[in-house]
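Open the model in your viewer and keep the sequence panel visible. The stops below go one selection at a time.

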Amino acid sequence: MGIIDKTTYTLTCPKCGAIEVATILDKGSNWGGSHWQSMAIFNQFDTTWEGGGSHEPTLKSATCKKCSSKATYKSTYLGDSLLRGCSTNPNL
Ligand SMILES: [Zn+2]
């Protein structure tokens with residue numbers, strides 16, 4: 001059980017400068033495989049996604065709600081090894 005993977009998406013609007021970060025979690029298990037959330041929830045952007053479940057979802061499009069500009073994004077994958085490394089650090 002537990003969270004084994006997560007991906008963080010950072011959306012930026014090039015026109016009005018809006019920026020927002022959201023995280024998608026893989027709530028699967030080591031024996032049952034992946035079970036990704038279907039999307040990340042953004043308040044400042046309208047987003048459409050593809051995937052979810054056994055496949056990591058990918059962002060298909062993101063539009064700024066404020067000015068209707070197409071947003072740019074970057075995604076950062078944080079896998080199992082990094083999370084485990086943090087939790088077993090004796091200095092924390
Ligand atoms: Zn905007």
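Which residue in β2 does T12 stand opposite? Select T12 and look across: the residue facing T12 is I19 in β2. Keep in mind throughout that this is a predicted model.

**Stop 1: the whole chain**

Show everything as a cartoon. You should count one helix and five strands. Trace the chain from its start, and the order reads β-β-β-β-β-α. Colour by burial next: 16% of the 92 residues count as buried. Now draw the contacts with a separation of 6 or more. Residues 24 or more positions apart make up 37% of these.

**Stop 2: the three-stranded sheet**

Select β1, β2 and β5. Together they form an open sheet in the order β2-β1-β5, with antiparallel pairing. Its edges are β2 (19-26) and β5 (72-78), each of which pairs on one side only. Neighbouring strands here are turned against each other by 20 degrees on average, direction ignored.

Take the two pairings in turn. β1 and β2 are antiparallel and share eight bridges. β1 and β5 also run antiparallel, joined by seven bridges. To find your place in the second pairing, select T7; its bridge partner in β5 is Y77.

**Stop 3: the β1-β2 turn**

Move to the end of the β1-β2 hairpin. Six residues lie between the two strands. Pick G17 and check its backbone: phi is positive, near 85 degrees.

C16 lies in this loop between β1 and β2. Is C16 buried or exposed? C16 is exposed, because just 12 other C-beta atoms lie within 10 Å, and 12 or fewer is the cut-off for that class. Leave aside the neighbours within four places in sequence, and C16 still contacts C64, K66 and C67.

**Stop 4: across to S68**

Add S68 to the selection. C16 and S68 are 52 residues apart in sequence, yet their C-alpha atoms are 9.8 Å apart in space. S68 sits in the loop between β4 and β5. Check its backbone too: phi is near 65 degrees, a positive value in a residue other than glycine. Why does S68 count as exposed? S68 counts as exposed because it has 11 C-beta neighbours inside 10 Å.

**Stop 5: the β3-β4 hairpin**

Now select residues 45-52 and 55-64. These are strands β3 and β4, paired in the antiparallel sense over seven bridges. Pick W49 and look across to its bridge partner in β4, L59. Two residues separate the strands in this hairpin. One turn residue, G53, has a positive phi of about 75 degrees.

**Stop 6: the nonpolar core**

Show side chains for Y9, L11, C13, I24, W36, A40, F42, F45, L59, A62, C64 and A71. These 12 residues are the largest nonpolar core. β1 (5-12) and β4 each supply at least two of its residues. The largest share, three residues, comes from β4.

Centre the view on A71. Which residues does A71 contact, leaving aside its neighbours within four places in sequence? The list is L11, T12, C13, F45, A62, T63 and C64.

**Stop 7: the β2-β3 loop**

Select S29, which is found in the loop between β2 and β3. S29 is partly exposed, because 13 other C-beta atoms lie within 10 Å. Add D5 and draw the C-alpha to C-alpha distance: S29 and D5 are 9.8 Å apart in space and 24 residues apart in sequence.

**Stop 8: confidence**

Finish by colouring on pLDDT. The protein averages 85, and 82% of the residues score at least 70. Which element has the lowest mean pLDDT, and which the highest? Helix α1 (residues 80-87) has the lowest mean, 47, and β3 has the highest, 95. Then select residues 83-92, where pLDDT is below 50. Beyond near neighbours in sequence, this stretch has one contact in the model.

Key: Residues numbered from 1 in each chain as written. Predicted model: local features only at pLDDT ≥ 70, side-chain atom pairs only at ≥ 80, totals over all residues. Helix = DSSP H or I, 4+ residues; strand = E, 2+ residues; numbered from the N terminus. Buried ≥ 20, exposed ≤ 12 C-beta atoms within 10 Å, placed from the backbone. Contact = placed C-beta atoms within 7 Å. Pairing = 2+ DSSP bridges. Core = buried A, V, L, I, M, F, W, Y, C linked by C-beta atoms within 7 Å. Axes fitted to C-alpha atoms, helices over the stretch in contact; angles between N-to-C directions. pLDDT = per-residue confidence, 0-100.
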